[in-house]
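Hello,

Here is the structure we talked about handing over. My notes on what was found in it follow below.

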Amino acid sequence: AALPAPGFAQTTSRYPDRAIQHDIPMTDMIRRAFAAGTRDSTGRPGRNYWQLWTDYAIDARFDPATGLVTGHEHVVLQNDGPNEMHSITLRLDQNLFAPNVPRAEEVTDITDGMQVTALRVDGQPVALNPGAPARGRGGRGGRGGAAPPVELAAFNLSQTVATITLPAPVPAHGSVALDADWHFTVPKVVAPTRGIRMGAWGDTLYQVGQWYPRVTVFDDLRDGGWDTDPYLGPSEFYNNFGHFDVKLDLPAGWLVGATGILQNPQDVLTAAERERLTQALTADSTVRILSPDEFGPGRATAAGDRLVWHFVADTAADVAWATSDQFVWDGAHAVIPGSGKNVPINIMYLPGHTAQYADAGP
């Protein structure tokens, strides 16, 4: 052992052991949730837990020549919580590709973002970006003056999170209906950059996610209820559960895969495709629903000029879709143990990717 340096006294005293905090610090939002009984310390919902429920009806049209998606949605928000809802917060994720929007990583295409052209709340038109909103719930008048009335207006529609102020709050256990008209150009992406799940690969494959004005989460954790964090690209998010009724208008020959169950196969698929889909629910191996030599209207899809694909998803957190005029389509099924139910499995991919998907079936 090294000897102590000359001139320094050797000591045997020790500092006292540092106290260790054994409890886990809680954030203010968790404290509020515990106090309200909406969460408990096990991580399970508490006795007073609740969720916002949303019912969407979306009609959209896609033009492959321009990459333009044009849509209308009607969504009913059911406020199942005990608090009034003084505003509505929307996610406009396609604005990630607009200029002058905060991003945490590079994007490979700059578009005009999501253009919201009309909003209505319970049938009443919403003023779009009228100016800075008044402070607080309804703002404040001059010193000692009365607060001005709250305007039915939408703010920050050029950002990834927008707010609609409500003159009359949605009461606890009440509901409100929101209508929106919007459009955007599907951004071009280059693998493996951000946007693969929400962009165009050349002019023959479009993967369209995060594509409609989406109501953000309204829950028991936040002061004011709404999740207002912006979408920056690499960060994830969470959504409300709800019911989705989606209709997609596309040119014939463009095959569509989407969240949910196809409601009108007789209108958009050929008789041969429908027969093969039936076989895929019972066959012991993968069934080829659409081959590379069957592209085009009347072969890849039903004949005609344009077709409307109707999908329904219940108790889902989100919906997305993909379309191509060169999809190969394989079908199979999985059996839920103990239920006897067959769950269909559909895989759509470009012909050049056949090897990658060879083992994707049962």
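**Backbone outliers**

At 76% relative accessibility, N100 counts as exposed, because the cut-off for that class is over 50%. Please keep in mind that this is a predicted model. N100 sits in the loop that runs between β3 (85-91) and β4 (115-121). Its phi is near 60 degrees, which is a positive value in a residue other than glycine. Most residues other than glycine have a negative phi.

T315 also has a positive phi, near 50 degrees, and is likewise a residue other than glycine. T315 belongs to strand β17, which covers residues 306-316. At 47% relative accessibility, T315 counts as partly exposed.

**Strand pairing**

Strand β17 pairs with β13 in the antiparallel sense, over 9 bridges. One residue pair in this pairing is D249 of β13 with V308 of β17, which are bridge partners. Strand β13 (residues 241-251) also pairs with strand β1 (residues 53-63), this time in the parallel sense and over 9 bridges. There, I58 has V246 of β13 as its bridge partner. Strands of a sheet pair through backbone hydrogen bonds, either parallel or antiparallel.

An open sheet of 5 strands is also present, in the order β6-β7-β8-β3-β12 and with mixed pairing. The edges of this sheet are β6 (127-128) and β12; each has a single partner strand, so one side of each is left without a neighbour in the sheet. Within the sheet, strand β7 (residues 153-155) and strand β8 (residues 161-170) run antiparallel and are joined by 3 bridges. F155 has T163 in β8 as its bridge partner.

**A buried glutamine**

Q210 lies in the loop between β11 (205-208) and β12 (214-215). Is Q210 buried or exposed? Q210 is buried, because its relative accessible area of 5% falls under the 20% cut-off. The side chain of Q210 makes a polar contact, at 3.3 Å, with the side chain of Y231.

**Aromatic residues**

The structure holds 12 aromatic pairs. One of them is W182 with F184, a stacked pair at 6.4 Å centre to centre and 20 degrees between the planes. Both partners are buried: W182 has a relative accessible area of 1%, and F184 has a relative accessible area of 2%. A further pair is W211 with Y212, where the ring centres are 5.4 Å apart and the planes stand at 75 degrees, so the pair is edge-to-face. W211 and Y212 are both buried.

These four residues also belong to a cluster linked by ring pairs, which consists of Y56, F62, W182, F184, Y206, W211, Y212, F244, W254 and W321.

**The cavity**

How many cavities of 30 Å³ or more does the structure hold? The structure holds 1, and the volume of the largest cavity is about 30 Å³. Its lining is made up of W211, V246, L248, A258, T259, F311, V319, A320 and W321. By class, that lining has 8 nonpolar residues, 1 polar residue and no charged residues.

Some of these names have come up above. W211 and W321 are in the ring cluster and also line the largest cavity. V246, the bridge partner of I58, is another residue of the cavity lining.

**The second largest pocket**

The second largest pocket holds about 600 Å³ of space. It is lined by 25 residues, and those closest to its centre are L262, L277, W329, P344 and N346. Which elements each supply at least two residues of the lining? They are β14 (255-258), β15 (261-262), α3 (271-280), β17, β19 (328-335) and β20 (342-349). The element that gives the most to the lining is β20, with 5 residues. By class, the lining of this pocket has 19 nonpolar, 5 polar and 1 charged residues.

Strand β17 thus ties several of these notes together: β17 holds T315, pairs with β13 and supplies at least two residues to the lining of the second largest pocket.

Regards

Definitions and conventions: Residues are numbered from 1 along each chain as its sequence is written. This is a predicted model: local features need pLDDT of at least 70, side-chain atom pairs count only at pLDDT 80 or more; totals for chains, interfaces and linings use all residues. Side-chain values use heavy atoms; hydrogens and water are left out. Helices (H or I, at least four residues) and strands (E, at least two) are DSSP runs, numbered from the N terminus. Buried means under 20% relative accessible area, exposed over 50%, partly exposed in between (1.4 Å probe, protein chains only). A polar contact is a pair of N or O atoms within 3.5 Å; within protein, one must be able to donate a hydrogen and the other to accept it, and residues adjacent in sequence count only if both atoms are side-chain atoms. Two strands pair if DSSP finds at least two bridges between them. On a 1 Å grid over the protein atoms alone, a cavity is a set of points where a 1.4 Å probe fits but cannot get out, and a pocket is an open set with protein on both sides within 12 Å along at least five of seven lines; lining residues have an atom within 4 Å of a point. Grid points are joined across faces, edges and corners, and a volume is the space filled by probe spheres set on the points. Ala, Val, Leu, Ile, Met, Phe, Trp, Tyr, Cys and Pro count as nonpolar, Asp, Glu, Lys and Arg as charged, and the others, Gly among them, as polar. Rings of Phe, Tyr and Trp (its six-membered ring) pair if their centres lie within 6.5 Å; planes under 30 degrees apart count as stacked, over 60 as edge-to-face and the rest as tilted.
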